[in-house]
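Work through these exercises with the structure open beside you. Try each task before you read its solution.

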Amino acid sequence: MTDTSTPDQTDTFAPVTTGLYIGGAARPTDDTLTVPDPGRPGEIVGHAAAASPRDVDDAIAAARRAHPAWAALTAAERAERMRAALAGTAEARDEDAAILSRENGKIRMESWVDSLVFELRWNLALDLADEVDATRTLDPAPGIPVTTTVAHQSLGVVTVIVPFNWPIAILGASLPHALLAGNTAIVKPPPSAPLATTRVVQRVAEQLPPGVLNVVTGRDADMSALITSPDVAKVCFTGSVGGGKKIMELASTSLTRVTLELGGNDAAVILADAVLDDTHLDRLHAAIFDTTGQICMNAKRVHVHRSRLDEVAAGLAARLEKTVIGYGLDEGTTMGPLHSPAQKAFVTELIDEARTAGADVREFGTLPTDPALADGNFLRPAIVVDPDPSLRVVTQEQFGPVIPLLPFDSDDEAVAAANDTWAGLGGSVWSADPEHARRIAGQLACGYVWINDHGATRLDLRAPFGGMKQSGFGREQGIDGIRAFQDTRAVADLDPEALAEH
């Protein structure tokens with residue numbers, strides 16, 4: 001693996017500038033977004049173009065013009081062009097990671113992996129090229145004198161909207177599938193962390209036919225046409241529940257299809273017979289606190305058999321005591337700042353509320369002493385042992401470095417508690433008995449379940465991923481993810497012999 005601690009030009013904190021990329025051409029804008037550094041208040045990471053409504057209309061028009069020729073290619077032909085377009089991604093990964101770490105706040109290695117996962121997902125999608133054009137045949141049946149061929153067709157122009165936390169990796173869960181399915185695309189990076197994602201998308205777009213892939217950055221108020229335009233066939237959105245509801249509302253005006261991958265309140269269910277050695281406790285710790293807790297599929301609640309509660313609390317504490325809170329690019333940092341001051345304030349509220357209610361709140365680590373970081377969005381990680389289940393630290397998605405540990409006494413109680421939530425993104429079951437774990441897993445109301453692990457590090461990038469309940473709907477990844485960007489076309493041929501019998 002590349003040594004991501006090697007200094008490069010981005011470590012000098014030179015401002016980064018990105019523009020739009022529309023119809024095969026870079027486009028600067030007079031108006032720009034200023035991107036602040038969440039770890040170093042007052043420092044600017046760079047500036048991203050702020051698209052006007054006219055720019056957005058031009059991107060939609062460019063994608064629409066490019067669609068017929070792109071859709072006319074076979075999936076194998078599209079895959080060949082897409083594979084070539086990925087050239088250069090690995091070579092630029094160190095620089096992209098440093099930029100992403102600065103604008104996002106997370107540690108450099110996580111930013112490096114962010115880009116790597118994009119490449120992995122891209123190539124896994126291309127491996128499905130032979131399945132994309134597959135058809136199925138319905139033979140004549142009594143009273144049905146036709147042979148019907150069911151094929152798949154692209155939708156047209158699609159918009160892909162990604163969040164700040166893992167923007168490049170998350171883009172890889174949908175963009176290559178949309179393109180391989182025969183659609184053209186417009187990518188909207190997150191306005192608070194647009195720089196690295198824009199660089200990656202433009203680099204790929206430059207190697208594809210003009211208009212097939214476009215990227216626009218800007219203020220949400222100026223970009224609603226990406227959702228409401230009748231020329232946009234589908235929107236794929238990853239973000240908050242509130243954001244997903246707004247997307248649905250806007251998309252309803254033109255009946256634009258949507259896939260929504262929204263927030264989670266994932267339950268990790270630790271059964272009485274769970275293995276809690278260092279390996280499993282390391283997995284649990286990472287599942288909760290990676291990216292300072294800012295991952296949709298992180299564990300957000302840990303339901304522990306009462307007989308193992310102290311053991312889990314001690315195991316997490318031992319790991320949290322080693323947390324090095326600091327700037328994401330600094331060597332040795334294991335936990336960076338939260339992305340925004342608002343999120344820091346929200347998570348602080350949850351912790352304070354739990355403490356005021358009498359819960360056992362345990363905080364760990366030391367905040368940075370460097371004066372340059374004094375006002376950054378840093379927060380000490382915390383565990384909340386045996387809180388009242390009605391507290392917001394349990395019922396809401398924290399999206400930060402705090403976790404409630406909730407005891408249970410029976411499997412039925414654990415399942416009921418795990419499912420007692422608005423969310424249904426992911427979950428996990430921890431047990432030494434695989435059959436026991438699978439039985440419990442089958443009762444969890446969520447879209448993805450891990451056994452004896454949890455979270456993004458163990459996500460099967462070939463499998464369909466998505467949520468239930470208010471965690472959204474639709475699936476990304478794999479052939480299911482490709483079909484989500486297609487519709488069916490049935491062609492019926494009269495069968496002379498069957499017609500004669502009829």
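**Exercise 1.** How are α3 and α8 oriented to each other: roughly parallel or roughly antiparallel?

*Solution.* Note that the model is predicted.
Step 1. Find helix α8 at residues 195–205. Its axis and that of α3 come within 8 Å.
Step 2. Take the crossing angle, roughly 150°.
Step 3. Apply the cut-off: angles over 145 degrees count as roughly antiparallel. Therefore α3 and α8 are roughly antiparallel to each other.
Step 4. List the contact. α3 brings E95, D96, I99, L100 and E103, while α8 brings L195, A196, R199, V200 and R203.
Step 5. Sort these residues by class: 5 are nonpolar, 5 are charged and no polar residue takes part.

**Exercise 2.** Describe how α3 meets α4.

*Solution.*
Step 1. Locate α3 at residues 93–104 and α4 at residues 108–126. Their axes come within 8 Å.
Step 2. Read the angle: the axes cross at roughly 125°.
Step 3. Angles over 145 degrees would be roughly antiparallel, and 65 to 115 roughly perpendicular; the rest, apart from those under 35, are oblique. α3 and α4 are therefore oblique to each other.
Step 4. Add the handedness: the crossing is right-handed.
Step 5. Name the partners. From α3 come R93, D94, A97, A98, L100 and S101. From α4 come R108, S111, W112, D114, S115, L116 and E119.
Step 6. Class the contact: 5 nonpolar, 3 polar and 5 charged residues.

**Exercise 3.** Which element gives the most to the lining of the largest pocket?

*Solution.*
Step 1. Start with the space: the largest pocket holds about 870 Å³.
Step 2. Go to the centre. Of 37 lining residues, F237, T238, G239, S240 and G243 are the closest to it.
Step 3. Pick out the elements that give two or more residues: β11 (232–238), α10 (241–251) and α13 (341–356).
Step 4. Choose among them: α10 gives the most, with 6 residues.
Step 5. Split the lining by class: 19 nonpolar, 14 polar and 4 charged.

**Exercise 4.** Where does α4 turn up again? Examine the second largest pocket.

*Solution.*
Step 1. The volume of the second largest pocket is about 530 Å³.
Step 2. Its lining has 29 residues, with V113, V117, W166, A456 and T457 nearest the centre.
Step 3. α4, α6 (167–171) and α11 (278–289) each give two or more residues.
Step 4. α4 gives the most, with 6 residues.
Step 5. The lining divides into 18 nonpolar, 6 polar and 5 charged residues.

Technical notes. Residues are numbered from 1 along each chain as its sequence is written. This is a predicted model: local features need pLDDT of at least 70, side-chain atom pairs count only at pLDDT 80 or more; totals for chains, interfaces and linings use all residues. Side-chain values use heavy atoms; hydrogens and water are left out. Axes are lines fitted to C-alpha atoms, for helices over the stretch in contact, and angles run from 0 to 180 degrees between N-to-C directions. Helices (H or I, at least four residues) and strands (E, at least two) are DSSP runs, numbered from the N terminus. A crossing is left-handed if the near helix is turned anticlockwise from the far one by less than a right angle, and right-handed if clockwise. Contact means heavy atoms within 4.5 Å. Ala, Val, Leu, Ile, Met, Phe, Trp, Tyr, Cys and Pro count as nonpolar, Asp, Glu, Lys and Arg as charged, and the others, Gly among them, as polar. On a 1 Å grid over the protein atoms alone, a cavity is a set of points where a 1.4 Å probe fits but cannot get out, and a pocket is an open set with protein on both sides within 12 Å along at least five of seven lines; lining residues have an atom within 4 Å of a point. Grid points are joined across faces, edges and corners, and a volume is the space filled by probe spheres set on the points.
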